[in-house]
Amino acid sequence: MRIKMWSFDNVLIDLEDRDVSVKAVHALNGTEITVAFRLGEKQVRGEAGELRRRIEILAADRLLDLASFLDSF
């Protein structure tokens, strides 16, 4: 069974400006990373629960990009 290493602790969405801030917490050492980005107009549409899931997926993708970049050093 795979252990989930990161959990999304906080998701903030500014619907007017479409700015998003997501705080991820590492399960083993408690490290916190805040990922901030802006959504496109079409990405904001939909129900709140669905929007949160999509934002968490986008944030996870950005975390993987960052990890890949840091791993290259």
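Biologist: In β3, which residue is the bridge partner of valine 20?
Modeller: In this predicted model, valine 20 has phenylalanine 37 in β3 as its bridge partner.

Biologist: And which residue is valine 20 the bridge partner of in the pairing with β1?
Modeller: That one is isoleucine 13, whose bridge partner in β2 is valine 20; likewise, valine 11 stands opposite valine 22 in β2.

Biologist: How many bridges join those strands, and in what sense do they pair?
Modeller: Strand β1, which covers residues 6-14, and strand β2, which covers residues 19-26, are paired in the antiparallel sense over eight bridges. On to the next pair, β2 and strand β3 (residues 32-38) also run antiparallel, and they are joined over seven bridges.

Biologist: What happens in the turns, say between β1 and β2?
Modeller: The hairpin of β1 and β2 has four residues between the strands, and arginine 18 takes a positive phi near 65° there. In the hairpin that β2 and β3 form, there are five residues between the strands, and glycine 30 in the turn has a positive phi of about 75°.

Biologist: Switching topic, where is phenylalanine 69 found?
Modeller: Phenylalanine 69 lies in helix α1, which spans residues 48-71.

Biologist: Why does phenylalanine 69 count as partly exposed?
Modeller: Its relative accessibility is 49%, so phenylalanine 69 counts as partly exposed, because that class lies between the cut-offs of 20% for buried and 50% for exposed.

Biologist: Which residues make the nonpolar surface patch?
Modeller: Phe69 makes that patch together with Leu66, Leu70 and Phe73, and the patch has an area of about 460 Å².

Conventions: Residues numbered from 1 in each chain as written. Predicted model: local features only at pLDDT ≥ 70, side-chain atom pairs only at ≥ 80, totals over all residues. Heavy atoms only, no water. Patch = residues over 30% accessible without salt bridge, like charges linked within 9 Å, V, L, I, M, F, W, Y side chains within 5 Å. Areas by Shrake-Rupley, 256 points an atom, 1.4 Å probe, with all protein chains shown as cover. Salt bridge = Lys/Arg side-chain N within 4 Å of Asp/Glu carboxyl O. Helix = DSSP H or I, 4+ residues; strand = E, 2+ residues; numbered from the N terminus. Buried < 20%, exposed > 50% of the residue type's maximum accessible area, 1.4 Å probe, protein only. Pairing = 2+ DSSP bridges.
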